[in-house]
Amino acid sequence: QVQLVESGGGLVQAGGSLRLSCSVSGRAHSTYWFRQAPGKEREFVAAIRWTSTTTSYSDSVKDRFTISRDNAKNTMYLQMSSLKPEDTAVYYCAATRFGVLPPNEAAMDFWGKGTLVTVSS
């Protein structure tokens, strides 16, 4: 079993930065960040393996966001920079028992409850 708890959301102005954290209890092959804006479908943001340094990003965030992990602290992070109003969403961390390619919502085995990020214009 894996339990995930997000934190670090809040209000930030466009162009600003914010770091999200996801506390991971249990073991997972890979962990992920997804986000869901009001009235829209949940979309993939970034992923990282816990057995290597392999990462992946959606095209919309690849030059602005950085995913990382700290195994000793059992925590995954999402460092967000150059934030845009369109980044406003509830951000969720997720995990899989095994690696999946490409990442998609249906393949996730575990979900956190989300943390809200609001980017003002």
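This talk walks through one protein chain, from its overall fold to a few individual residues.

Good morning. The model I am presenting is predicted rather than experimental. I shall start with the chain as a whole, then take two groups of strands, and end with a set of aromatic rings.

First, the overall composition. The chain has zero helices and 11 strands. Read from start to end, the pattern is therefore one strand after another, β-β-β-β-β-β-β-β-β-β-β. As for its dimensions, the C-alpha trace spans about 40 × 30 × 25 Å along its principal axes. The radius of gyration is 13 Å, and this agrees with the value near 14 Å that a compact globule of 121 residues would have. Of those 121 residues, 41% count as buried. Contacts over long stretches of sequence also matter to this description: among contacts with a separation of 6 or more, 56% are between residues 24 or more positions apart.

Let me turn to the first group of strands. Strands of a sheet pair through backbone hydrogen bonds, in either a parallel or an antiparallel manner. In this chain, four strands make an open sheet in the order 1-3-8-7, and the pairing is antiparallel. Which strands are at the edges? They are strand 1, residues 3-7, and strand 7, residues 65-70, each of which pairs on one side only. On average, neighbouring strands of this sheet are turned by 20° against each other, with direction ignored.

Within this sheet, strand 7 and strand 8 run antiparallel and are joined by six bridges. Strand 8 covers residues 75-80. One of the residues involved is Asp70, whose bridge partner in strand 8 is Thr75.

Strand 8 also holds Tyr77. Is Tyr77 buried or exposed? Its relative accessibility is 13%, so Tyr77 counts as buried. Leaving aside residues up to four places away in sequence, Tyr77 touches Arg19, Leu20, Ser21, Trp33, Thr66, Ile67, Ser68 and Asp70. Asp70 therefore appears for a second time, as a contact of Tyr77. By way of contrast, Tyr77 and Ala14 are 63 residues apart in sequence, and their C-alpha atoms are 20 Å apart in space.

The second group of strands centres on strand 11. Strand 2, residues 10-13, runs parallel to strand 11, and four bridges join them. Gln13 has Ser120 as its bridge partner in strand 11. Strand 9 runs antiparallel to strand 11, with three bridges between them. Here Val90 stands opposite Leu116 of strand 11.

The side chains of strand 11 alternate. Thr115, Val117 and Val119 point to one face and are buried. Leu116, Thr118 and Ser120 point to the other face and are not buried.

Just past this strand, which spans 115-120, comes a segment that contains Ser121. With a relative accessibility of 91%, Ser121 counts as exposed. The C-alpha atoms of Ser121 and Gln13 are separated by 6.3 Å, although these residues are 108 residues apart along the chain.

I come finally to the aromatic rings. How many aromatic pairs does the chain contain? The count comes to four aromatic pairs. One of them joins Tyr32 and Phe34, with 6.5 Å from centre to centre and 45° between the planes, a tilted arrangement. Tyr32 and Phe34 are both buried.

Another pair is formed by Tyr92 and Trp111. Their ring centres are 6.3 Å apart and their planes stand at 90°, so this pair is edge-to-face. It links distant parts of the chain, since Tyr92 is in strand 9, residues 89-96, and Trp111 is in strand 10, residues 110-111, 19 residues apart. The two residues can also be described by their accessibility. Tyr92 counts as buried at 13% relative accessibility, while Trp111 is partly exposed, with a relative accessible area of 29%.

These residues belong to a wider arrangement. Ring pairs link Tyr32, Phe34, Phe44, Tyr92 and Trp111 into a cluster. Which rings does the charged end of Arg42 sit over? One is the ring of Tyr92, with the charged end 3.8 Å from its centre. The other is the ring of Trp111, where the charged end of Arg42 is 4.6 Å from the centre.

That concludes the tour, and I thank you for your attention.

Methods:
Residues numbered from 1 in each chain as written. Predicted model: local features only at pLDDT ≥ 70, side-chain atom pairs only at ≥ 80, totals over all residues. Heavy atoms only, no water. Phe/Tyr/Trp six-rings, centres within 6.5 Å; stacked < 30°, edge-to-face > 60°. Buried < 20%, exposed > 50% of the residue type's maximum accessible area, 1.4 Å probe, protein only. Helix = DSSP H or I, 4+ residues; strand = E, 2+ residues; numbered from the N terminus. Lys NZ or Arg CZ within 6 Å of the ring centre and 35° of its normal. Pairing = 2+ DSSP bridges. Axes fitted to C-alpha atoms, helices over the stretch in contact; angles between N-to-C directions. Contact = heavy atoms within 4.5 Å. Rg over C-alpha atoms; globule rule 2.2 N^0.38 Å.
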